[in-house]
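Biologist: Could you take me through this model, with the reasoning behind each answer spelled out?

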Amino acid sequence: MVSGRSAAHGRTPVPPFPPPCHVPGPDGPWEEVQERIERTGRAVVHTTWGQWLTPALLDPGLRTLLGRDWPRYRQHPAPAGRLSLAVSRVVLKHTAAAALQVPAERLDLAYLPGGRPVLRGLGADLQVSLSHTDELIVVGVSRAGPVGVDAEPAGRRISFEALRDHVCTAEEAELLAALPEEERTEGFLRLWTLKEAYTKALGHGMRRRFSAFGFGRDAAGTVRLTGDTAGEWAFATHLVEERFLVSEAHRQDAAPAAPGGARAPSSADEPGRPPSAEPPHGARVIGFPGRQSPGQR
Amino acid sequence: MALTRPAPHAGRPLTTPTSSPPADEQAGAARCAARLEALLGDPRDPGNPYGRSALWAAGHDGLPAPPAGLPGAGEVPAADQLARALRPLFRRDLALAHAWSIRPLLGTPVPHPAAALLGPAALLASAGGVLRGVARIVDGLSRYEAAARQWRPILASGFADLLACESLTAVALRSCSWPGPDADGPGTSEQGAGESLAAVVGYLVPELVGELLGDLELVLNECGFDAGTVERRTLARVVRDRAFARADWPAASAAQTRIVQGLSAAGGSRPDDGRQLAVLFRITEAASAVAPGADCPWAVAATLAGATARLAGADDADTAALARIGRRLVTEQRALRVACAATTVHDPADPAARALANRQALLVLAAATLGVREAAAGARLPFLGGAGWALLALGRITERLGQPLPDRTPDPQPGVWDELARRASDGVDCDLHATRLLW
């Protein structure tokens, strides 16, 4: 288990993540998202596709908005999947547009050969991640480094016994196995979403074995990636609308020093800004594993 | 920095006088490269000051001085041959490449016309070195672990991307003119030549190589190589040192801005049969004087139609599929031309303009790939002249452009993997020339 890692790195301890912003429709409100982008370089938005469905489908610019996804939308075999595809892409584009403060139709959503969604031509200037489960849609956007989000219904029961070897490191499996069943089920689901978020941020998805990397807590109770000695990664899990677990993973990119001691000949010199210290409201930040604070463990 | 450090004892002595210009440009650059590789010595030798251990221990502040005999622009005047001659240095260490060659060429009173291209060229060389190492690992594991075979398509795809980027960079380098040591000074007659293509290289190569490096980290990790292993540390060093080669995202973004500023010109370009620019693609021949405007990315992109037309009627499946993908890309190019022409002045701050620049750059990449493949086929180069690698590369470009692949497209990955595995086991570089390596 990780302990005291932030202090050992000499980095500022990462304050808790604020809960995802709820945005009920294309018209916003987007101010909170924009403030978070200005403050921390990143934001996570959640909504339900039912809230966005009508304005999205009635938008005369839907075809333009969906761009290269339009044929997929039109040819999707299942009606629910078709609507979910359309609305999730519309939410993603509007969230990215709010972050950049540009009209959504100026953005072109593309996919890398591995399937990772990207905003064409924007590279590292704005990275995105998308997750949807049941009626929930979650979008992460970041101007400060890779971002990954994942959502699951909080009540979903994944068999720990069947999947522990595929999902957990030996240490994680041991910790979870020692918990009462209810807590173990919750902790296992939480771990799953964290690992999904992390591998999505890397752009690797399920190709990366979940059992090959692990999470723990540092002395402050913050979730840490085991072996992240540079303290580059930050994670959080939230309970959204009291029904969904939403995990986010974020890497803060930094520029190296140049040969000879000078800064590298790069414009990536903006110092890393800490994420918002704003306390969560309306959603709980959840640690892993179990529900205890690190002091209790 | 220890500028007076002696030449490495681990390296081999010079075999060719540094002052006599090579009679044959291609052979001369290859000889320069072989000599430099010998001078740099075995990278695994712990006693070699240019070896991995010494460079890692030295850090960026204590890099050794270059050995006597480091190829320079005076000795190897043609830009593409200069990059070829310096490739052993590029492969060895990005920070060293920056300190010894890229920075001096950028920092002369008038920067060398090829200077902006050497960073991406160095990134390609160093990424190719890591790719070979990972391919060797996967090839070895695959013999007794079936699960390791899942990584072959990923590495084959990365190899195809790399060769496409090498093609693009070679074309850009060949479009640069260099007046040579007897002229009035660096770049006096052809200053700025190749600059436009350099923008496409400077934008696209860091993007695509960045994805490749991410995949290599994934494969190494999944093959059990943790962050402390030599392989992972080598990879991490390339990732970290991209900024020194001006091949990171900020540099790519700046290059993209230059592409955006030229988008209106793209709207006016028309398909070209490529005959005027054919010399740019013939990498086995010396780059003679190029036609005016040959450095224009839109002119290079316009060769796509002619190259595709010449594939018509092919009777083998891979070449026929290449023709179908080519036609799809020509259609994409037509649509892009209309979109570019719709705006008089494109604003680099407009995400839509940046998306157009991305699409335009991918089409230039496709044209360079197809052009180099065609020229290599004409020169009867065994692998580079085949359709497989180009089919894989163009298929991925099509995918990046958001277009579906045409029906009946065969999977060229196994053949590309075989070539990569062969190069990895035989000590052959991942470059266009399939250069045999000394170490």
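The questions and answers below concern a predicted model, and they go from domains to cores to backbone details.

Biologist: How far apart do the C-alpha centres of domain 1 and domain 2 of chain B lie?

Modeller: The domain assignment of chain B gives domain 1 as residues 28-258 and domain 2 as residues 270-414. Taking the C-alpha centres of domain 1 of chain B and domain 2 of chain B, the separation comes to 24 Å.

Biologist: Which helix of chain B gives the most to the side of domain 1 that touches domain 2?

Modeller: The contact takes 25 residues from domain 1 of chain B and 26 residues from domain 2 of chain B. On the domain 1 side, helix H6 (152-174), helix H7 (195-222) and helix H9 (249-261) of chain B each supply at least two residues. The residues of that side divide into 4 charged, 7 polar and 14 nonpolar. The helix that gives the most to that side, with 12 residues, is H6(B).

Biologist: Where does the largest nonpolar core lie with respect to the two domains of chain B?

Modeller: This core holds 149 residues, and the members that touch the most other members are B:Leu131, B:Leu155, B:Leu168 and B:Leu304. Because domain 1 (28-258) and domain 2 (270-414) of chain B both give residues to this core, its place is between them.

Biologist: How many residues are in the second, separate core?

Modeller: Members of this second core include A:Ala56, A:Val141, A:Phe160 and A:Ala201. The core is separate from the largest one, and its residues number 66.

Biologist: Is A:Gln101 buried or exposed?

Modeller: A:Gln101 is found in the loop between helix H6 (79-100) and strand E3 (109-111) of chain A, and its phi is positive, at about 60°, although it is not a glycine. A residue counts as exposed if 12 or fewer other C-beta atoms lie within 10 Å of its own. Because A:Gln101 has 10 C-beta neighbours inside 10 Å, it counts as exposed.

Biologist: And what is the phi of B:Arg408 near?

Modeller: B:Arg408 is found in the loop between helix H16 (388-400) and helix H17 (413-426) of chain B, and it counts as exposed because it has 9 C-beta neighbours inside 10 Å. Most residues other than glycine have a negative phi. In B:Arg408, a residue other than glycine, phi is positive, near 60°.

Biologist: Which peptide bond is cis, with omega near 15°?

Modeller: Most peptide bonds are trans. The bond in question leads into A:Pro29, which is found in the loop between strand E1 (21-22) and helix H2 (31-40) of chain A. The cis bond runs from A:Gly28 to A:Pro29.

Technical notes: Residues are numbered from 1 along each chain as its sequence is written. Chains are lettered from A and ligands numbered from 1 in the order in which they are written. This is a predicted model: local features need pLDDT of at least 70, side-chain atom pairs count only at pLDDT 80 or more; totals for chains, interfaces and linings use all residues. A nonpolar core is a set of buried Ala, Val, Leu, Ile, Met, Phe, Trp, Tyr and Cys residues joined through C-beta atoms within 7 Å. A residue is buried if 20 or more other C-beta atoms lie within 10 Å of its own, exposed if 12 or fewer, and partly exposed in between; C-beta atoms are placed from the backbone. Domain bounds come from an automatic or database domain assignment. Two residues are in contact if their C-beta atoms, placed from the backbone, lie within 7 Å. Helices (H or I, at least four residues) and strands (E, at least two) are DSSP runs, numbered from the N terminus. Ala, Val, Leu, Ile, Met, Phe, Trp, Tyr, Cys and Pro count as nonpolar, Asp, Glu, Lys and Arg as charged, and the others, Gly among them, as polar.
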